[in-house]
Every structure is written in structure tokens, then in C-alpha cells.
Amino acid sequence: CALPILKNVLRALIHPNWDWILTFTGTSVPKLMLETIAIGWLGTILGAILAIPFAFLSSRNITGNMVSYGGSALTTMIRTFPVLVLGLMFVKTVGLGPFAGVLTIGVSSIGMITKLYVESIEDIDKGILDALDASGASTLQKIRYGIIPQLSANFISTAIYRFEINVRNATVLGLVGAGGIGFTLLQALGNNRWSDAAACLWGIIVVVLIIEYISTTLRNKISRGE
């Protein structure tokens, strides 16, 4: 029954395994959370880069209605894959470990980041594009000189926001062997080691709150142009 497990975990949160929290060796919480953050960070960078061509391909004001529809359909298909399913696929492909987690986070990020990128691209100042069209600029030149300068702040803000989500996703990838703290948390719960599970949960809670605060602060500064 889930209720006794919940009671045990809540009770253990008051008395977690401090040895796991205060050390940086073996399967300690700080080491596992650092690995989790690294997976989220590298996966976000990968996803943010891969999303750029998908976003331009899916933008009506860049490629037209027919091509943009195909790009949108492709990114929608990517978004339908749950992160754990992608994790299992990459674990089977490249093996257990953080590398599979980075690939999982990167690919799972493409759909959402692309969608937000497209919204920014389709809201750009069309006057600049018209001027470049009149001068005979190619599509690549329009992107380089008319679009990217208008989009860099929004793109960075989107990547930061996605990083928040990816750190949370990375905490569960360990369940399928893709690195991070999830596998250790699952083992602790499965073996009724409630104080160990509580230590893992405290690590996740504290890190997610810190990242959310930093992310919100950075995105507010970017939106104000600071």
C-alpha cells in the first residue's frame, strides 16, 4: 500500500541519512546530484542547439506553410515520446550511464524548445526581413543578419527555462540506468531504507529550488535587457 510508504518517507525526511548528505564519495547525495545537474546541463545545451534548425524549418515566415507544417509534425512526434521511454532506448543503444542520460535529455528537449523558438521567430520584425528580401538576401543571410540578432535573448531565456525542467527529468533517468540520482533513490525505497531515500529527496528538493531561483532571476534580467 502506498500510504505506509508515504508515512515512512515523511517520517524519514525529519531524520535523513546525514552521512550521505554531508560527504562527497561513492553514492553520496552531493556527488549524485552533481552528476544529475551535469546531465541536465549538457542535455539542455544539446537540445537547444538541435532545436535551432527544427525551429527555422517549422516557422511559416521562413520556409512557408507546406515546409513548416512538416517541421511542426516532426517536432510534435518527438514531444510524444516520454522521457523514460527515450532513456530506455538510449540505454539499449549506447549502454548504461550518464551519456545515455545526456542524449535522452537532449532529444526530449527538442520538441518543447522548438515550439518556443518558433513562437519567437514568427514574432520577429518583418520589416527587417522585407529589407533583406529587397536587397536579394538568401534564406541563410536573412537568418544570419535579420533574425538571429532579434532572437538571441529569447533563445537563451528558453534554454534556461528548459534547464529547470531537465534537472527534474534527470533525477528520474537513473530509474532506467541513464545516470543521476534516480536509481539510488529507487533502490533505497525498494529496500525500505527510508533515511537513505529521504537524503536523496532532500538533495533533489534543495537543488531544484536553487536552480529555479537562479533560473527565474536570470530570465527576468534577460527580459529586461540587463
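A contact here means heavy atoms within 4.5 Å. Keep that in hand for the exercises below, which all use a predicted model.

**Exercise 1.** Work out what share of the contacts with a separation of 6 or more comes from residues 24 or more positions apart in the protein chain.

*Solution.* Start with the elements: the protein chain has eleven helices and zero strands. Read from the N terminus, that gives α-α-α-α-α-α-α-α-α-α-α. Now take the contacts with a separation of 6 or more: residues 24 or more positions apart account for 73% of them.

**Exercise 2.** Describe the extent of the chain, its burial and its exposed area.

*Solution.* First, lay the C-alpha trace along its principal axes, and you get spans of about 70 × 40 × 30 Å. Next, sort the 226 residues by burial: 43% of them count as buried. Last, look at the outside: the protein chain exposes about 12100 Å², with carbon and sulfur atoms supplying 68% of that area.

**Exercise 3.** Place Leu218 in its helix and decide whether it counts as buried, partly exposed or exposed.

*Solution.* Leu218 sits in helix H11, which covers residues 194-223. Buried needs under 20% relative accessible area and exposed needs over 50%. Leu218 has 39% relative accessibility, so it counts as partly exposed. Leu218 also helps make a nonpolar surface patch of about 760 Å², along with Trp202, Ile205, Val206, Leu209, Ile210, Tyr213 and Ile214.

**Exercise 4.** Find how far apart the mean positions of the positive and negative charges lie.

*Solution.* Count the charges: the protein chain carries 16 positive and 12 negative ones. Average the positions of each set, and the two means come out 7 Å apart.

Key:
Residues numbered from 1 in each chain as written. Predicted model: local features only at pLDDT ≥ 70, side-chain atom pairs only at ≥ 80, totals over all residues. Heavy atoms only, no water. Patch = residues over 30% accessible without salt bridge, like charges linked within 9 Å, V, L, I, M, F, W, Y side chains within 5 Å. Areas by Shrake-Rupley, 256 points an atom, 1.4 Å probe, with all protein chains shown as cover. Salt bridge = Lys/Arg side-chain N within 4 Å of Asp/Glu carboxyl O. Helix = DSSP H or I, 4+ residues; strand = E, 2+ residues; numbered from the N terminus. Buried < 20%, exposed > 50% of the residue type's maximum accessible area, 1.4 Å probe, protein only. Lys, Arg positive; Asp, Glu negative; His and termini not counted. Charge placed at Lys NZ, Arg CZ, Asp CG, Glu CD.
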